[in-house]
Amino acid sequence: HIDNVVGLIPWRQRLFTCSWDITVKEWSLVSYRPVRSLTCASSSVLRLSFSPGGEKLLYTSWADRSIYEINTVAPYDRAFIQKHQLGPSGLLYADDGKIIVSGAYDNLALVYHKETQTQSTFDAHPACVHSFATHVSQPNLIFSGDEHDKGNEILKWTLDRREVLSS
């Protein structure tokens, strides 16, 4: 990369990195050398997330406030997923890759259902939503974290009810 590396995620024998230089790079974890570089956005790529099988990779584009999905093997087709009002800052595949959850500086979590191509909004956070996680045995359970002047919050919610269970 020629600018700050802001995200990395390992997958099997590969490492994917993203940078302010608008690229996603794939590295071999055997030779520790770059395998390929994909120019993915018109501005900084800040976050990455793999689909459960590793065949798809989500990434954020800061300037156009969008989430994209690309194939991790040729052809490297790119698909637009969803757009935030402000820069996206968190990503997650949920429900075995059927659902994509993203958070942003607009304080919203967007939930995109790939099969129906519908989107819903979860707005319980008082500040920028930075991170997401699911539980292996309960993939419908989502944890999300934000930044807040009065203390950072971690929320627990479900995809089917989209209501805060606790904070």
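A strand, in the sense used here, is a DSSP run of at least two residues marked E, and strands are numbered from the N terminus. Valine 5 lies in strand 1 by this reckoning. The model under discussion is a predicted one, and the following paragraphs lead from the chain as a whole to its sheets and to individual residues.

The chain contains zero helices and 16 strands. Its radius of gyration is 16 Å, close to the 15 Å that the globule rule gives for 167 residues, so the chain is as compact as a globular protein of that length. Taken along the principal axes, a box of roughly 45 × 30 × 25 Å holds the C-alpha atoms. Of the 167 residues, 49% are buried. The accessible surface amounts to about 8600 Å², and carbon and sulfur atoms contribute 50% of it. Among the contacts in the chain with a separation of 6 or more, 30% are between residues 24 or more positions apart.

The opening part of the chain may be considered next. Strands of a sheet pair through backbone hydrogen bonds, either parallel or antiparallel. Here, four strands form an open sheet in the order 1-2-3-4, with antiparallel pairing. Strand 1 (5-11) and strand 4 are the edges of this sheet; each has a single partner strand, so one side of each is left without a neighbour in the sheet. On average, and with direction ignored, neighbouring strands of this sheet are turned by 20 degrees against each other. Within the sheet, strand 2 (residues 14-19) and strand 3 run antiparallel and are joined by five bridges. One residue pair illustrates the arrangement: arginine 14 stands opposite serine 28 in strand 3.

Valine 5, in strand 1, has a relative accessible area of 45%; because this value falls between the limits of 20% and 50%, the residue is classed as partly exposed. Apart from residues up to four places away in sequence, valine 5 touches Thr17, Cys18 and Ser19. From valine 5 to phenylalanine 16 the separation is eleven residues in sequence and 11 Å in space, C-alpha to C-alpha.

Two threonines of the same sheet offer a useful contrast. Threonine 23 belongs to strand 3 (residues 23-28), whereas threonine 39 belongs to strand 4 (residues 34-39). Is threonine 23 buried or exposed? Its relative accessible area is 9%, and because this is under 20%, threonine 23 is buried. Threonine 39, by comparison, has a relative accessibility of 61%; because this is over 50%, threonine 39 counts as exposed.

The surroundings of these two residues can also be described. With residues up to four places away in sequence left out, threonine 23 touches His1, Thr17, Cys18, Ser37, Leu38, Thr39 and Val45. Threonine 39, when its neighbours within four places in sequence are set aside, is in contact with Ile22 and Thr23. Aspartate 21 appears in the description of both threonines. Its side chain is joined to that of threonine 23 by a polar contact of 2.5 Å. The C-alpha atoms of threonine 39 and aspartate 21 are separated by 8.7 Å, although the residues are 18 apart along the chain.

Further along the chain, another four strands form an open sheet, in the order 5-6-7-8 and with antiparallel pairing. Its edges are strand 5 (48-50) and strand 8 (78-83), each with a single partner strand, so one side of each is left without a neighbour in the sheet. The twist from one strand to the next averages 25 degrees. Strand 7 (residues 66-71) and strand 8 run antiparallel and are joined by five bridges, and isoleucine 67 stands opposite glutamine 82 in strand 8.

Finally, strand 10 (residues 99-104) deserves attention. Why is strand 10 described as largely enclosed by the rest of the structure? Six of its six residues are buried, and it is therefore described in this way. Ile99, Val101 and Gly103 point one way from the strand, while Ile100, Ser102 and Ala104 point the other way, and all are buried.

Strand 10 pairs with strand 9 (residues 88-94) in the antiparallel sense over six bridges, and glycine 103 in strand 10 is the bridge partner of glycine 90. The hairpin of these strands has four residues between them, and aspartate 95 there takes a positive phi near 50 degrees. Strand 10 is also joined to strand 11 (residues 109-113), antiparallel, by five bridges, with histidine 113 in strand 11 as the bridge partner of isoleucine 99. In the hairpin of strand 10 and strand 11, which likewise has four residues between the strands, asparagine 107 takes a positive phi near 70 degrees.

Definitions and conventions
Residues are numbered from 1 along each chain as its sequence is written. This is a predicted model: local features need pLDDT of at least 70, side-chain atom pairs count only at pLDDT 80 or more; totals for chains, interfaces and linings use all residues. Side-chain values use heavy atoms; hydrogens and water are left out. Buried means under 20% relative accessible area, exposed over 50%, partly exposed in between (1.4 Å probe, protein chains only). A polar contact is a pair of N or O atoms within 3.5 Å; within protein, one must be able to donate a hydrogen and the other to accept it, and residues adjacent in sequence count only if both atoms are side-chain atoms. Contact means heavy atoms within 4.5 Å. Two strands pair if DSSP finds at least two bridges between them. Axes are lines fitted to C-alpha atoms, for helices over the stretch in contact, and angles run from 0 to 180 degrees between N-to-C directions. The radius of gyration is taken over C-alpha atoms; the globule rule is 2.2 Å times the number of residues to the power 0.38. Accessible areas come from the Shrake-Rupley method with a 1.4 Å probe; for residues, only the protein chains shown count as cover.
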